[in-house]
Amino acid sequence: MVRWTLSGFGDEIDADPAVQLPVLLALGSRHVEVRSAWGVNVADLADEEVARLADLLARHSIGVSAIASPIGKSGVYDDPATELARLERVVWVARRLAARYVRIFSFYRPDGVDVAATRDTVLSRMRAFADVAERESVVLVHENEKLIYGDTPERVLDLVESVGSSALKVAWDNANFVQVGVRPFSEGYAMLRPFIVYLQVKDARAPDGIEVPAGLGDGELRATLTALRDDGFVGFASLEPHLSDPAFPDVLSGPRRFGEAARAFRALTDDLGIELG
């Protein structure tokens, strides 16, 4: 039996970690991915809020799988010093919460600017990020968000190979690939597998890009999970369902739909002989 470690974006359940953590425990997860707490983005949490969050985590015996930072989800030509300083802060939070992984992105380009024209700037800025991660002994995991430089498998590969750092790896997101017209497993898995260390669990329909529970979209989740199982993947699988619930308009999914997403994912992994813990 292959065993993966289940986690999830707590702020998709509720803004308050005191609500998030019991729900995650009830769903069988002893880890959380921290993107925000009490409505404050992780990059903007005050020292006192970080200490308060650390105390809550300790009291629930819950670890942090990753810091879901917004670093690199900004303009490619924005002030690099500002974003680098924000990364330093996020890495400090990661160390404080004992998180090895920090999610990052590879920058939006201005309207009308060809993606190829941004390549050198992207790589230079990502190399500076990797230098920080190497110094602080954390691992940056790049998410393939739509409309950033690394939104297709080929450009993600270019990014990680060109930077060439052991501190820069891939957080694989099936749904985001679907939303840029890519068949994730068929067109991207083989080339990126050597760099995949973290799985973000999300699915989407190809015709309209709408997110759906795992296995109900066009993200080739079953094929991806099967290959990861057979390849010996043993890392985190973090639920980021992006479902909507009108009863919880201030969060992405709310506890009910987050639970629906967790059960859909567990049905897939149970069928494939993958234990989640």
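The following exchange goes through the sheet, the cores and some helices of a predicted model.

Biologist: What is the strand order of the open sheet of 9 strands?

Modeller: The pairing in this open sheet is parallel. Its edge strands, each pairing on one side only, are β2 (31-34) and β13 (274-276). Neighbouring strands are turned by 30° against each other on average, direction ignored. Read across, the order is β2-β5-β6-β7-β8-β9-β12-β1-β13.

Biologist: Which residue in β5 does H31 stand opposite?

Modeller: β2 and β5 pair in the parallel sense, over 4 bridges. Within that pair, H31 has as its opposite residue in β5 G63.

Biologist: Which strands does α3 touch where it packs on the sheet?

Modeller: The direction of α3 makes about 175° with that of β5. Helix α3 (residues 80-96) also lies on the path of the chain from β5 to β6, a right-handed β-α-β crossover. The strands that α3 touches are β5, β6 and β7.

Biologist: Are the residues of strand β6 (residues 101-104) buried or exposed?

Modeller: In a regular strand, side chains alternate between the two faces of the sheet, so each face has to be looked at separately. On one side of β6 are Y101 and R103, and on the other V102 and I104. Both faces are covered, and these four residues are all buried.

Biologist: Which residue stands opposite Y101 of β6?

Modeller: Strand β5 (residues 63-68) pairs with β6 in the parallel sense, over 3 bridges. Across from Y101 in this pairing is A66.

Biologist: Through which helix does the chain cross from β6 to β7?

Modeller: β6 pairs with strand β7 (residues 139-143) in the parallel sense over 4 bridges, with I104 opposite H142. The β-α-β crossover between β6 and β7 is right-handed. The helix on this path, residues 119-136, is α4.

Biologist: Where does the largest share of the largest nonpolar core come from?

Modeller: This core has 75 residues, and those with the most contacts inside it are W4, I67, L97, M126, L199, L225 and F265. The largest share of the core is 7 residues, and its source is α4.

Biologist: Which residues is L199 in contact with, leaving aside its neighbours within four places in sequence?

Modeller: L199 is listed with the residues that have the most contacts inside the largest nonpolar core. With its neighbours within four places in sequence left aside, the contacts of L199 are W4, W172, N174, L225, L228, F233, F236, A237 and S238.

Biologist: How many residues does the second, separate core have?

Modeller: Among its members are A66, Y101, V139 and V141. Of these, A66 and Y101 stand opposite each other in the pairing with β6. The size of this second core is 7 residues.

Biologist: How many of the residues of helix α5 (residues 153-163) are buried?

Modeller: The buried residues are P153, R155, V156, L157, D158, L159, V160 and V163. What covers them includes α4, β7, β8 (168-173), α6 (174-178) and α7 (184-192). After the helix comes G164, with a positive phi near 60°. The helix is mostly covered, the buried count being 8 of 11.

Biologist: How far apart in space are R256 and A99, C-alpha to C-alpha?

Modeller: R256 sits in helix α9 (residues 254-271). Leaving aside its neighbours within four places in sequence, R256 is in contact with D245 and R263. In sequence, R256 and A99 are 157 residues apart, and in space their C-alpha atoms are separated by 27 Å.

Conventions
Residues numbered from 1 in each chain as written. Predicted model: local features only at pLDDT ≥ 70, side-chain atom pairs only at ≥ 80, totals over all residues. Heavy atoms only, no water. Buried < 20%, exposed > 50% of the residue type's maximum accessible area, 1.4 Å probe, protein only. Helix = DSSP H or I, 4+ residues; strand = E, 2+ residues; numbered from the N terminus. Pairing = 2+ DSSP bridges. Right-handed = clockwise from strand over helix to strand, strands pointing away. Core = buried A, V, L, I, M, F, W, Y, C linked by side-chain atoms within 4.5 Å. Contact = heavy atoms within 4.5 Å. Axes fitted to C-alpha atoms, helices over the stretch in contact; angles between N-to-C directions.
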